[in-house]
Amino acid sequence: MNEIELLKLIRKISLESFSYPFNGKAKINYRFKTTGGRYHLKDHHIEINAHFLKKEYRKDLIGIIKHELCHYYLHTHQMGYKHQNRDFKILLKQVGGSRYAPDIGLAKKIKYTYQCTNCHKLYYRIRRIDLKKYVCGKCHHKLILLK
């Protein structure tokens with residue numbers, strides 16, 4: 001799917017779900033790892049994660065587009081367009097948009113697991129930490145590397 005096809009899909013979903021035309025631009029972002037999409041307030045364009053343009057993620061893509069169109073619709077109508085606003089939450093639920101981008105395994109994976117020797121609290125880290133320098137944040141005892 002290219003940007004022209006993406007724009008057609010966004011305009012179609014906008015008319016079907018919101019009965020409001022989308023006049024912005026659509027862009028594909030190849031650098032997104034954890035974000036499904038982004039709406040830009042200044043020029044009203046929507047960026048979509050390129051990984052969700054594959055056929056197997058079609059349902060997720062529609063949910064992401066509806067999410068970004070909620071931002072667009074509410075912002076252009078001077079209503080609460082932010083995630084924490086009541087208007088946004090209600091509209092998102094009405095149109096069936098996704099609240100969060102689904103995890104498709106693009107983010108960095110946890111490599112190291114540490115455990116406190118006293119309270120057994122687990123700490124997950126991507127990078128290795130110095131066990132001489134860091135202690136448990138809960139009880140201040142030593143940590144050990146599990147994996």
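## Histidine 44 and its loop

Let's start in the loop between β2 (37–39) and β3 (46–49), which is where histidine 44 sits. In this predicted model, histidine 44 has a phi near 60 degrees, a positive value in a residue other than glycine. Is its surface hidden or open? Histidine 44 counts as partly exposed, at 25% relative accessibility, because that value falls between the 20% and 50% cut-offs.

The two strands flanking this loop are partners: β2 and β3 pair in the antiparallel sense, over three bridges. Within that pairing, tyrosine 39 stands opposite isoleucine 46 in β3.

## The three-stranded sheet

Stepping back, we find an open sheet of three strands with mixed pairing, in the order β1-β3-β2. Which strands form its edges? They are β1 and β2, each of which pairs on one side only. On average, neighbouring strands of this sheet are turned by 20 degrees against each other, direction ignored. As a reminder, strands of a sheet pair through backbone hydrogen bonds, either parallel or antiparallel.

Asparagine 29 gives us a closer look at β1 (residues 26–29), the strand in which it is found. This residue is buried, with a relative accessible area of 6%. Leaving aside residues up to four places away in sequence, asparagine 29 touches Glu47, Ile48, Asn49 and Ala50. Of these contacts, Glu47, Ile48 and Asn49 belong to β3 (46–49).

## Helices across the sheet

Two helices can be placed against these strands. α1 lies across β1 and β3, and runs at about 125 degrees to β1. Helix α2 (residues 58–76) lies across β2 and β3, running at about 10 degrees to β2.

The loop between α1 (3–18) and β1 holds serine 19. Here is another positive phi outside glycine: about 55 degrees for serine 19. How does its accessibility turn out, buried or exposed? Serine 19 is exposed, with a relative accessible area of 64%, because exposed residues are those over 50%.

## The β4–β5 hairpin

Further along the chain, strand β4 (residues 112–116) and strand β5 (residues 122–125) run antiparallel and are joined by four bridges. Tyrosine 112 stands opposite arginine 125 in β5.

These strands form a hairpin, with five residues between them. The turn includes histidine 120, whose phi is positive at about 65 degrees.

Terms used
Residues are numbered from 1 along each chain as its sequence is written. This is a predicted model: local features need pLDDT of at least 70, side-chain atom pairs count only at pLDDT 80 or more; totals for chains, interfaces and linings use all residues. Side-chain values use heavy atoms; hydrogens and water are left out. Buried means under 20% relative accessible area, exposed over 50%, partly exposed in between (1.4 Å probe, protein chains only). Contact means heavy atoms within 4.5 Å. Two strands pair if DSSP finds at least two bridges between them. Axes are lines fitted to C-alpha atoms, for helices over the stretch in contact, and angles run from 0 to 180 degrees between N-to-C directions.
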